[in-house]
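Student: I am new to this structure and should be grateful for a close look at a single part of it. Could the account begin with the strands and then turn to what surrounds them?

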Amino acid sequence: MKVCVVGTGYVGLTTGVSLAFLGHQVTCVDLDQDKVDMLRAGHCPIYEPGMDDLLAEAAANLTFTTSYEQAVPGADVVFVAVQTPSAADGSPDLRYLRSAAESVAQNLDNDFTVVVNKSTVPIGSGNWVDAILRDSFALRDDRPEQCEFAVASNPEFLREGNAIHDTLFPDRIVIGSDNPRSLEVLNRLYRPIINQTFTAPSFAPRPDDTTAVPLVSTDLASAELIKYAANAFLALKISFVNEIGQLAGKVGADITEVARGIGLDQRIGSRFLQPGVGWGGSCFGKDTKALIATGAEYNYEMPIVQAARDINQRQRAIAVERLQDELRILKGRRIGLLGIAFKPNTDDLRDSPSLDIANLLIARGARVRLHDPIAGERFKREQPELAPFLSETIDGAFDDCDAVVLVTEWAQYLELDWGKVVGLMRTPIVLDGRNVLGRDRMTRLGFKYLSMAG
Ligand code: UDX
(Lines give C-alpha, C1' and ligand atoms only; values in the text may rest on other atoms or scores of the structure.)
Protein backbone atom coordinates (compact mmCIF):
# COMPACT_ATOMS: atom_id res chain seq x y z
CA MET A 1 0.00 0.00 0.00
CA LYS A 2 1.01 3.61 -0.37
CA VAL A 3 1.69 5.36 2.90
CA CYS A 4 2.60 8.90 3.89
CA VAL A 5 4.01 9.72 7.31
CA VAL A 6 4.03 13.32 8.48
CA GLY A 7 6.73 14.01 11.08
CA THR A 8 9.94 12.04 11.54
CA GLY A 9 10.23 12.08 15.33
CA TYR A 10 10.32 8.86 17.33
CA VAL A 11 6.84 7.77 16.46
CA GLY A 12 6.71 8.86 12.82
CA LEU A 13 10.10 7.52 11.91
CA THR A 14 9.57 4.18 13.58
CA THR A 15 6.17 3.82 11.93
CA GLY A 16 7.45 4.82 8.49
CA VAL A 17 10.57 2.71 8.51
CA SER A 18 8.76 -0.34 9.90
CA LEU A 19 5.96 -0.14 7.33
CA ALA A 20 8.52 0.23 4.54
CA PHE A 21 10.35 -2.79 5.93
CA LEU A 22 7.07 -4.72 5.70
CA GLY A 23 6.83 -3.88 2.00
CA HIS A 24 4.62 -0.79 1.86
CA GLN A 25 5.66 2.23 -0.21
CA VAL A 26 6.35 4.92 2.35
CA THR A 27 7.06 8.62 1.96
CA CYS A 28 8.02 10.49 5.13
CA VAL A 29 7.56 14.24 5.12
CA ASP A 30 9.19 16.58 7.58
CA LEU A 31 9.60 20.34 7.33
CA ASP A 32 13.09 20.17 8.83
CA GLN A 33 15.43 20.08 5.81
CA ASP A 34 18.43 19.00 7.90
CA LYS A 35 16.58 15.99 9.23
CA VAL A 36 15.43 15.01 5.76
CA ASP A 37 18.97 15.35 4.40
CA MET A 38 20.28 13.17 7.18
CA LEU A 39 17.66 10.50 6.61
CA ARG A 40 18.26 10.53 2.87
CA ALA A 41 21.90 9.83 3.61
CA GLY A 42 20.78 6.82 5.66
CA HIS A 43 21.48 8.36 9.06
CA CYS A 44 19.00 8.33 11.86
CA PRO A 45 18.55 11.69 13.68
CA ILE A 46 17.53 9.96 16.91
CA TYR A 47 19.40 7.45 19.02
CA GLU A 48 17.40 4.25 18.76
CA PRO A 49 19.03 0.81 18.72
CA GLY A 50 18.56 -0.96 15.37
CA MET A 51 17.06 2.01 13.56
CA ASP A 52 20.05 2.52 11.24
CA ASP A 53 19.89 -1.13 10.21
CA LEU A 54 16.16 -1.03 9.60
CA LEU A 55 16.58 2.16 7.56
CA ALA A 56 19.11 0.37 5.37
CA GLU A 57 16.94 -2.72 4.94
CA ALA A 58 13.85 -0.70 4.08
CA ALA A 59 15.63 1.86 1.86
CA ALA A 60 14.09 0.65 -1.41
CA ASN A 61 10.58 1.41 -0.14
CA LEU A 62 11.36 4.68 1.60
CA THR A 63 11.41 8.29 0.43
CA PHE A 64 12.11 11.35 2.57
CA THR A 65 10.93 14.79 1.54
CA THR A 66 9.98 18.22 2.84
CA SER A 67 7.15 18.46 0.34
CA TYR A 68 3.55 17.54 1.09
CA GLU A 69 2.85 17.73 -2.66
CA GLN A 70 5.20 14.83 -3.12
CA ALA A 71 4.12 12.83 -0.09
CA VAL A 72 0.33 12.96 0.17
CA PRO A 73 -1.14 12.41 -3.33
CA GLY A 74 -2.03 8.79 -3.96
CA ALA A 75 -1.60 7.74 -0.35
CA ASP A 76 -3.97 5.12 1.03
CA VAL A 77 -2.99 6.06 4.55
CA VAL A 78 -1.52 9.30 5.91
CA PHE A 79 -0.08 9.04 9.41
CA VAL A 80 0.20 12.31 11.28
CA ALA A 81 2.93 12.01 13.91
CA VAL A 82 3.91 15.58 14.69
CA GLN A 83 4.99 16.86 18.07
CA THR A 84 2.36 17.97 20.58
CA PRO A 85 4.37 19.83 23.23
CA SER A 86 2.73 20.93 26.47
CA ALA A 87 1.34 24.46 26.38
CA ALA A 88 1.82 26.74 29.37
CA ASP A 89 -1.38 25.47 31.05
CA GLY A 90 -0.37 21.82 30.66
CA SER A 91 -2.71 21.04 27.78
CA PRO A 92 -1.03 19.81 24.60
CA ASP A 93 -0.24 22.47 22.04
CA LEU A 94 -1.97 21.32 18.87
CA ARG A 95 -0.74 23.95 16.47
CA TYR A 96 1.57 21.57 14.60
CA LEU A 97 -1.25 19.08 14.29
CA ARG A 98 -3.51 21.76 12.85
CA SER A 99 -1.03 22.91 10.25
CA ALA A 100 -0.17 19.32 9.31
CA ALA A 101 -3.87 18.56 8.83
CA GLU A 102 -4.28 21.66 6.68
CA SER A 103 -1.33 20.71 4.50
CA VAL A 104 -2.60 17.17 4.14
CA ALA A 105 -6.05 18.43 3.08
CA GLN A 106 -4.44 20.63 0.41
CA ASN A 107 -2.94 17.56 -1.23
CA LEU A 108 -5.46 14.74 -0.84
CA ASP A 109 -6.39 13.24 -4.21
CA ASN A 110 -6.89 9.51 -3.74
CA ASP A 111 -10.42 8.08 -4.01
CA PHE A 112 -10.14 7.10 -0.34
CA THR A 113 -7.49 8.10 2.20
CA VAL A 114 -7.37 7.31 5.89
CA VAL A 115 -5.80 10.11 7.89
CA VAL A 116 -4.45 8.60 11.08
CA ASN A 117 -3.70 10.49 14.26
CA LYS A 118 -0.55 8.82 15.45
CA SER A 119 0.55 11.53 17.86
CA THR A 120 -0.89 11.19 21.33
CA VAL A 121 -3.61 13.77 21.17
CA PRO A 122 -6.38 14.68 23.60
CA ILE A 123 -9.56 12.69 23.41
CA GLY A 124 -11.75 14.34 20.81
CA SER A 125 -8.88 15.42 18.59
CA GLY A 126 -9.90 12.94 15.92
CA ASN A 127 -13.12 14.88 15.40
CA TRP A 128 -11.22 18.13 15.48
CA VAL A 129 -8.77 16.95 12.80
CA ASP A 130 -11.69 15.68 10.73
CA ALA A 131 -13.27 19.15 10.85
CA ILE A 132 -9.98 20.84 9.85
CA LEU A 133 -9.53 18.44 6.95
CA ARG A 134 -13.05 19.04 5.70
CA ASP A 135 -12.81 22.82 6.02
CA SER A 136 -9.45 23.04 4.27
CA PHE A 137 -10.47 20.58 1.59
CA ALA A 138 -13.68 22.50 0.85
CA LEU A 139 -11.64 25.66 0.24
CA ARG A 140 -9.60 24.05 -2.51
CA ASP A 141 -10.29 25.18 -6.09
CA ASP A 142 -8.50 22.13 -7.41
CA ARG A 143 -10.28 19.53 -5.27
CA PRO A 144 -10.75 16.29 -7.14
CA GLU A 145 -14.27 14.92 -7.47
CA GLN A 146 -13.59 11.35 -6.47
CA CYS A 147 -11.82 12.03 -3.21
CA GLU A 148 -12.98 10.75 0.12
CA PHE A 149 -11.18 10.61 3.41
CA ALA A 150 -11.80 9.68 7.03
CA VAL A 151 -9.95 10.07 10.29
CA ALA A 152 -8.73 7.21 12.44
CA SER A 153 -6.76 6.88 15.64
CA ASN A 154 -4.00 4.30 15.85
CA PRO A 155 -2.07 4.89 19.05
CA GLU A 156 1.41 3.48 19.42
CA PHE A 157 2.70 1.86 22.55
CA LEU A 158 6.35 1.78 21.68
CA ARG A 159 9.02 2.32 24.27
CA GLU A 160 12.02 4.40 23.35
CA GLY A 161 15.03 2.11 23.14
CA ASN A 162 12.73 -0.76 22.11
CA ALA A 163 10.86 1.06 19.37
CA ILE A 164 11.48 -1.42 16.56
CA HIS A 165 10.76 -4.48 18.63
CA ASP A 166 7.56 -2.93 20.01
CA THR A 167 6.39 -1.97 16.51
CA LEU A 168 7.04 -5.33 14.84
CA PHE A 169 5.99 -7.49 17.79
CA PRO A 170 3.38 -5.48 19.66
CA ASP A 171 1.13 -6.85 22.41
CA ARG A 172 -1.82 -5.50 20.43
CA ILE A 173 -2.75 -3.13 17.65
CA VAL A 174 -5.46 -0.58 18.35
CA ILE A 175 -7.33 1.10 15.52
CA GLY A 176 -10.32 3.35 16.01
CA SER A 177 -12.53 5.11 13.54
CA ASP A 178 -16.18 5.94 13.12
CA ASN A 179 -15.84 5.01 9.44
CA PRO A 180 -15.83 1.23 8.77
CA ARG A 181 -13.85 1.61 5.56
CA SER A 182 -10.90 3.11 7.43
CA LEU A 183 -10.83 0.17 9.80
CA GLU A 184 -10.71 -2.16 6.83
CA VAL A 185 -7.79 -0.24 5.22
CA LEU A 186 -5.78 -0.21 8.46
CA ASN A 187 -6.49 -3.86 9.05
CA ARG A 188 -5.03 -4.55 5.62
CA LEU A 189 -2.02 -2.33 6.27
CA TYR A 190 -1.14 -4.13 9.48
CA ARG A 191 -1.89 -7.65 8.27
CA PRO A 192 1.80 -8.69 8.12
CA ILE A 193 2.15 -7.74 11.78
CA ILE A 194 -1.21 -9.13 12.86
CA ASN A 195 -0.49 -12.50 11.25
CA GLN A 196 3.30 -12.26 11.82
CA THR A 197 3.97 -13.30 8.23
CA PHE A 198 7.13 -11.22 7.67
CA THR A 199 10.70 -12.43 8.03
CA ALA A 200 12.04 -10.80 11.16
CA PRO A 201 15.21 -8.69 10.72
CA SER A 202 18.37 -10.28 12.08
CA PHE A 203 18.90 -7.45 14.57
CA ALA A 204 15.33 -7.74 15.89
CA PRO A 205 14.47 -11.43 15.99
CA ARG A 206 10.94 -12.55 16.63
CA PRO A 207 10.45 -13.51 20.29
CA ASP A 208 9.74 -17.22 20.72
CA ASP A 209 6.29 -16.70 22.15
CA THR A 210 5.00 -14.37 19.41
CA THR A 211 1.76 -15.59 17.88
CA ALA A 212 -0.91 -13.63 16.01
CA VAL A 213 -1.21 -10.10 17.37
CA PRO A 214 -4.65 -9.20 18.72
CA LEU A 215 -6.38 -6.34 16.92
CA VAL A 216 -8.64 -3.99 18.84
CA SER A 217 -10.82 -2.41 16.21
CA THR A 218 -13.05 0.19 17.76
CA ASP A 219 -14.54 3.69 17.55
CA LEU A 220 -12.46 6.84 17.47
CA ALA A 221 -13.02 8.03 21.05
CA SER A 222 -12.29 4.59 22.52
CA ALA A 223 -8.99 4.27 20.65
CA GLU A 224 -7.99 7.72 21.85
CA LEU A 225 -8.85 6.86 25.44
CA ILE A 226 -7.05 3.49 25.30
CA LYS A 227 -3.74 5.24 24.78
CA TYR A 228 -4.19 7.55 27.76
CA ALA A 229 -5.61 4.86 29.99
CA ALA A 230 -2.70 2.51 29.19
CA ASN A 231 -0.07 5.10 29.99
CA ALA A 232 -1.88 6.31 33.11
CA PHE A 233 -2.18 2.75 34.35
CA LEU A 234 1.52 2.03 33.83
CA ALA A 235 2.39 5.32 35.51
CA LEU A 236 0.26 4.53 38.50
CA LYS A 237 1.73 1.06 38.79
CA ILE A 238 5.15 2.67 39.20
CA SER A 239 3.86 5.25 41.66
CA PHE A 240 2.06 2.54 43.59
CA VAL A 241 5.23 0.52 44.06
CA ASN A 242 7.07 3.68 45.04
CA GLU A 243 4.42 4.58 47.60
CA ILE A 244 4.60 1.09 49.08
CA GLY A 245 8.40 1.30 48.89
CA GLN A 246 8.47 4.28 51.24
CA LEU A 247 6.25 2.45 53.69
CA ALA A 248 8.44 -0.64 53.37
CA GLY A 249 11.41 1.46 54.46
CA LYS A 250 9.52 2.69 57.50
CA VAL A 251 8.29 -0.71 58.69
CA GLY A 252 11.56 -2.47 57.89
CA ALA A 253 10.29 -4.50 54.93
CA ASP A 254 12.29 -5.14 51.76
CA ILE A 255 10.52 -3.57 48.78
CA THR A 256 12.28 -5.90 46.34
CA GLU A 257 10.71 -8.88 48.06
CA VAL A 258 7.38 -7.12 48.36
CA ALA A 259 7.31 -6.24 44.64
CA ARG A 260 8.22 -9.81 43.73
CA GLY A 261 5.63 -11.19 46.07
CA ILE A 262 2.79 -9.12 44.68
CA GLY A 263 3.95 -9.25 41.05
CA LEU A 264 3.67 -13.02 40.90
CA ASP A 265 -0.07 -12.67 41.32
CA GLN A 266 -1.08 -12.85 37.69
CA ARG A 267 -3.84 -10.31 38.24
CA ILE A 268 -1.11 -7.82 39.16
CA GLY A 269 1.81 -8.92 36.97
CA SER A 270 5.47 -8.32 37.69
CA ARG A 271 6.30 -5.66 35.11
CA PHE A 272 6.45 -1.96 35.98
CA LEU A 273 6.89 -2.70 39.67
CA GLN A 274 10.50 -1.57 39.78
CA PRO A 275 10.80 0.98 42.60
CA GLY A 276 13.11 3.97 42.43
CA VAL A 277 13.27 7.63 41.53
CA GLY A 278 10.18 7.20 39.34
CA TRP A 279 9.25 7.67 35.76
CA GLY A 280 10.37 10.28 33.28
CA GLY A 281 10.20 10.61 29.52
CA SER A 282 7.91 12.18 27.02
CA CYS A 283 4.77 10.19 27.68
CA PHE A 284 3.79 9.47 31.24
CA GLY A 285 4.09 13.00 32.60
CA LYS A 286 2.48 14.62 29.60
CA ASP A 287 -0.27 12.06 29.15
CA THR A 288 -1.33 11.93 32.79
CA LYS A 289 -1.46 15.73 32.79
CA ALA A 290 -3.52 15.78 29.60
CA LEU A 291 -5.91 13.15 30.96
CA ILE A 292 -6.54 15.23 34.06
CA ALA A 293 -7.07 18.28 31.82
CA THR A 294 -9.64 16.36 29.76
CA GLY A 295 -11.41 15.33 32.96
CA ALA A 296 -11.49 18.98 34.05
CA GLU A 297 -13.20 19.96 30.79
CA TYR A 298 -16.02 17.71 31.90
CA ASN A 299 -15.83 18.98 35.46
CA TYR A 300 -14.55 15.57 36.49
CA GLU A 301 -11.68 15.10 38.92
CA MET A 302 -9.20 12.24 38.48
CA PRO A 303 -7.63 11.84 41.93
CA ILE A 304 -5.92 8.51 41.25
CA VAL A 305 -4.05 9.84 38.24
CA GLN A 306 -3.23 13.03 40.13
CA ALA A 307 -1.86 11.01 43.05
CA ALA A 308 0.36 9.01 40.67
CA ARG A 309 1.84 12.28 39.46
CA ASP A 310 2.33 13.69 42.95
CA ILE A 311 4.06 10.55 44.17
CA ASN A 312 6.36 10.54 41.16
CA GLN A 313 7.41 14.12 41.89
CA ARG A 314 7.86 13.31 45.56
CA GLN A 315 10.30 10.48 44.76
CA ARG A 316 12.69 13.01 43.24
CA ALA A 317 12.59 15.09 46.40
CA ILE A 318 13.01 11.96 48.52
CA ALA A 319 16.26 11.15 46.70
CA VAL A 320 17.64 14.49 47.86
CA GLU A 321 16.29 14.01 51.39
CA ARG A 322 18.02 10.63 51.67
CA LEU A 323 21.32 12.29 50.85
CA GLN A 324 20.67 15.09 53.28
CA ASP A 325 19.73 12.65 56.07
CA GLU A 326 23.02 10.86 55.53
CA LEU A 327 25.36 13.78 54.88
CA ARG A 328 23.54 16.20 57.23
CA ILE A 329 24.80 19.15 55.24
CA LEU A 330 24.49 19.37 51.48
CA LYS A 331 26.13 22.74 51.06
CA GLY A 332 29.53 22.32 49.49
CA ARG A 333 29.14 18.55 49.09
CA ARG A 334 30.19 16.98 45.85
CA ILE A 335 27.55 14.60 44.51
CA GLY A 336 27.89 12.45 41.38
CA LEU A 337 24.75 11.60 39.42
CA LEU A 338 25.01 8.54 37.20
CA GLY A 339 22.64 8.82 34.26
CA ILE A 340 20.99 11.86 32.71
CA ALA A 341 18.65 10.20 30.18
CA PHE A 342 15.25 9.34 31.65
CA LYS A 343 15.97 5.65 31.17
CA PRO A 344 18.73 3.49 29.64
CA ASN A 345 19.20 3.06 25.87
CA THR A 346 17.95 6.48 24.92
CA ASP A 347 19.41 9.98 24.88
CA ASP A 348 16.01 11.49 25.64
CA LEU A 349 16.16 13.93 28.55
CA ARG A 350 12.54 14.93 28.67
CA ASP A 351 11.22 14.99 32.23
CA SER A 352 14.27 13.07 33.37
CA PRO A 353 14.47 12.60 37.16
CA SER A 354 18.18 13.39 36.94
CA LEU A 355 17.56 17.00 35.94
CA ASP A 356 15.18 17.63 38.83
CA ILE A 357 17.48 15.93 41.31
CA ALA A 358 20.46 17.95 40.04
CA ASN A 359 18.52 21.21 40.34
CA LEU A 360 17.26 20.37 43.83
CA LEU A 361 20.80 19.55 44.96
CA ILE A 362 22.22 22.71 43.44
CA ALA A 363 19.49 24.75 45.12
CA ARG A 364 20.73 23.37 48.44
CA GLY A 365 24.30 24.32 47.71
CA ALA A 366 25.68 20.95 46.60
CA ARG A 367 28.14 20.67 43.72
CA VAL A 368 26.87 18.07 41.28
CA ARG A 369 28.60 16.10 38.54
CA LEU A 370 26.43 14.41 35.98
CA HIS A 371 27.48 11.57 33.72
CA ASP A 372 25.71 9.66 30.98
CA PRO A 373 27.12 7.13 28.50
CA ILE A 374 25.10 8.51 25.56
CA ALA A 375 23.09 11.60 26.44
CA GLY A 376 26.02 13.93 27.23
CA GLU A 377 26.02 15.80 23.92
CA ARG A 378 22.30 16.30 23.92
CA PHE A 379 22.48 17.41 27.55
CA LYS A 380 24.99 20.13 26.64
CA ARG A 381 22.69 21.37 23.88
CA GLU A 382 19.40 21.20 25.71
CA GLN A 383 20.42 22.08 29.27
CA PRO A 384 22.97 24.86 28.91
CA GLU A 385 22.56 25.90 32.55
CA LEU A 386 23.48 22.47 33.85
CA ALA A 387 26.04 21.75 31.11
CA PRO A 388 29.07 22.95 33.15
CA PHE A 389 28.35 20.12 35.60
CA LEU A 390 28.76 17.38 33.00
CA SER A 391 31.47 14.83 33.65
CA GLU A 392 32.75 13.28 30.43
CA THR A 393 34.07 10.19 32.21
CA ILE A 394 32.46 7.83 34.69
CA ASP A 395 35.45 8.20 37.01
CA GLY A 396 34.89 11.95 37.03
CA ALA A 397 31.46 11.37 38.54
CA PHE A 398 33.08 9.57 41.51
CA ASP A 399 36.25 11.59 41.92
CA ASP A 400 36.40 13.19 45.36
CA CYS A 401 32.62 12.87 45.76
CA ASP A 402 30.76 12.71 49.04
CA ALA A 403 28.06 10.53 47.47
CA VAL A 404 26.94 9.16 44.13
CA VAL A 405 23.39 8.50 43.01
CA LEU A 406 22.52 5.86 40.44
CA VAL A 407 19.69 7.63 38.61
CA THR A 408 19.51 5.73 35.31
CA GLU A 409 20.26 2.02 35.27
CA TRP A 410 22.51 1.97 32.18
CA ALA A 411 24.30 -1.37 31.69
CA GLN A 412 27.62 0.49 31.94
CA TYR A 413 26.83 1.34 35.56
CA LEU A 414 25.60 -2.11 36.47
CA GLU A 415 28.77 -3.65 35.01
CA LEU A 416 31.08 -1.05 36.54
CA ASP A 417 33.99 -2.15 38.70
CA TRP A 418 32.47 -0.64 41.82
CA GLY A 419 35.30 -2.05 43.91
CA LYS A 420 37.66 0.25 42.02
CA VAL A 421 35.61 3.45 41.91
CA VAL A 422 34.90 3.30 45.63
CA GLY A 423 38.52 4.31 46.14
CA LEU A 424 38.02 7.52 44.17
CA MET A 425 35.40 8.89 46.52
CA ARG A 426 35.85 11.13 49.52
CA THR A 427 33.14 9.27 51.39
CA PRO A 428 31.86 6.07 49.79
CA ILE A 429 28.12 6.64 49.89
CA VAL A 430 25.89 5.36 47.12
CA LEU A 431 22.17 6.02 46.74
CA ASP A 432 20.66 3.32 44.54
CA GLY A 433 17.92 5.27 42.78
CA ARG A 434 16.77 2.23 40.78
CA ASN A 435 17.04 -0.53 43.35
CA VAL A 436 19.38 -2.53 41.14
CA LEU A 437 22.83 -2.56 42.77
CA GLY A 438 22.20 -4.90 45.68
CA ARG A 439 22.72 -3.82 49.28
CA ASP A 440 24.88 -6.80 50.25
CA ARG A 441 27.20 -6.49 47.27
CA MET A 442 27.71 -2.76 47.68
CA THR A 443 28.26 -3.07 51.41
CA ARG A 444 30.82 -5.81 50.82
CA LEU A 445 32.66 -3.51 48.40
CA GLY A 446 32.93 -0.86 51.09
CA PHE A 447 30.00 1.40 50.27
CA LYS A 448 27.50 2.86 52.63
CA TYR A 449 24.40 1.77 50.67
CA LEU A 450 21.29 3.94 50.67
CA SER A 451 18.12 2.87 48.95
CA MET A 452 15.15 4.99 47.98
CA ALA A 453 13.14 3.08 50.58
CA GLY A 454 15.47 4.06 53.42
C1 UDX B 1 6.20 4.68 27.61
C2 UDX B 1 5.22 3.49 27.40
O3 UDX B 1 5.82 2.27 27.85
C4 UDX B 1 4.82 3.38 25.96
O5 UDX B 1 3.86 2.35 25.81
C6 UDX B 1 4.23 4.71 25.52
O7 UDX B 1 3.83 4.68 24.21
C8 UDX B 1 5.23 5.84 25.74
O9 UDX B 1 5.61 5.85 27.11
P10 UDX B 1 8.79 5.15 27.33
O11 UDX B 1 8.50 6.50 27.88
O12 UDX B 1 9.67 5.03 26.13
O13 UDX B 1 7.42 4.40 26.95
O14 UDX B 1 9.50 4.32 28.50
P15 UDX B 1 9.21 3.06 29.44
O16 UDX B 1 10.23 2.03 29.16
O17 UDX B 1 7.81 2.65 29.43
O18 UDX B 1 9.58 3.68 30.86
C19 UDX B 1 8.92 4.83 31.37
C20 UDX B 1 9.52 5.32 32.67
O21 UDX B 1 9.13 4.53 33.77
C22 UDX B 1 11.05 5.34 32.70
O23 UDX B 1 11.46 6.55 33.27
C24 UDX B 1 11.40 4.18 33.60
O25 UDX B 1 12.62 4.37 34.25
C26 UDX B 1 10.24 4.18 34.56
N27 UDX B 1 9.96 2.87 35.18
C28 UDX B 1 9.54 1.85 34.39
C29 UDX B 1 10.08 2.70 36.55
O30 UDX B 1 10.43 3.63 37.28
N31 UDX B 1 9.75 1.49 37.09
C32 UDX B 1 9.32 0.45 36.35
O33 UDX B 1 9.04 -0.61 36.93
C34 UDX B 1 9.23 0.63 34.95
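Tutor: The following account begins with one strand and its partners, and then moves to the nonpolar cores, the ligand and a few single residues.

This is a predicted model, in which local features need pLDDT of at least 70 and side-chain atom pairs count only at pLDDT 80 or more, whereas totals for chains, interfaces and linings use all residues. Residues are numbered from 1 along each chain as its sequence is written.

Helices (H or I, at least four residues) and strands (E, at least two) are DSSP runs, numbered from the N terminus. A residue is called buried if 20 or more other C-beta atoms lie within 10 Å of its own, exposed if 12 or fewer, and partly exposed in between, with C-beta atoms placed from the backbone.

Consider strand 5, which spans residues 112-117. Five of its six residues are buried, so the strand is mostly covered. Two strands pair if DSSP finds at least two bridges between them. Strand 5 pairs in the parallel sense with strand 4 (residues 77-80) over four bridges, and there Val 77 stands opposite Val 114. Strand 5 also runs parallel to strand 6 (residues 148-153), to which six bridges join it; Phe 112 has Glu 148 as its bridge partner in strand 6. Together with helix 6 (residues 125-138), strands 5 and 6 make a right-handed β-α-β unit. A crossover is right-handed if, with the strands pointing away from the viewer, the path from the first strand over the helix to the second runs clockwise.

Val 77 also appears in the largest nonpolar core, which has 66 residues. Such a core is a set of buried Ala, Val, Leu, Ile, Met, Phe, Trp, Tyr and Cys residues joined through C-beta atoms within 7 Å. Among the residues with the most contacts inside this core are Val 6, Val 104 and Val 115. Helix 1 (residues 10-21) gives the most to this core, with seven residues. Two residues are in contact if their C-beta atoms, placed from the backbone, lie within 7 Å. Not counting residues up to four places away in sequence, Val 104 touches Val 6, Tyr 68, Val 72, Val 78, Val 80, Val 115 and Leu 133. Apart from this core lies another, of 65 residues, among them Leu 330, Phe 379, Phe 398 and Met 442.

A second strand may be set beside strand 5. Four of the five residues of strand 9 (residues 334-338) are buried, so strand 9 is largely enclosed by the rest of the structure. Strand 9 pairs in the parallel sense with strand 10 (residues 367-371) over five bridges, and with strand 11 (residues 403-406) over four bridges, again in the parallel sense. Leu 338 stands opposite His 371 in strand 10 and opposite Leu 406 in strand 11. From strand 9 the chain crosses through helix 14 (residues 353-363) to strand 10, and this β-α-β crossover is right-handed.

The ligand is surrounded by 20 residues, a residue being near if its C-beta atom, placed from the backbone, lies within 6 Å. The closest are Glu 160, Gln 274, Trp 279, Gly 281 and Cys 283. Helix 10 (residues 220-251) supplies the largest share of this shell, three residues.

Finally, Leu 55 is in helix 3 (residues 51-58) and counts as buried because 20 C-beta neighbours lie inside 10 Å. Arg 328, by contrast, counts as exposed, with 8 C-beta neighbours inside 10 Å.
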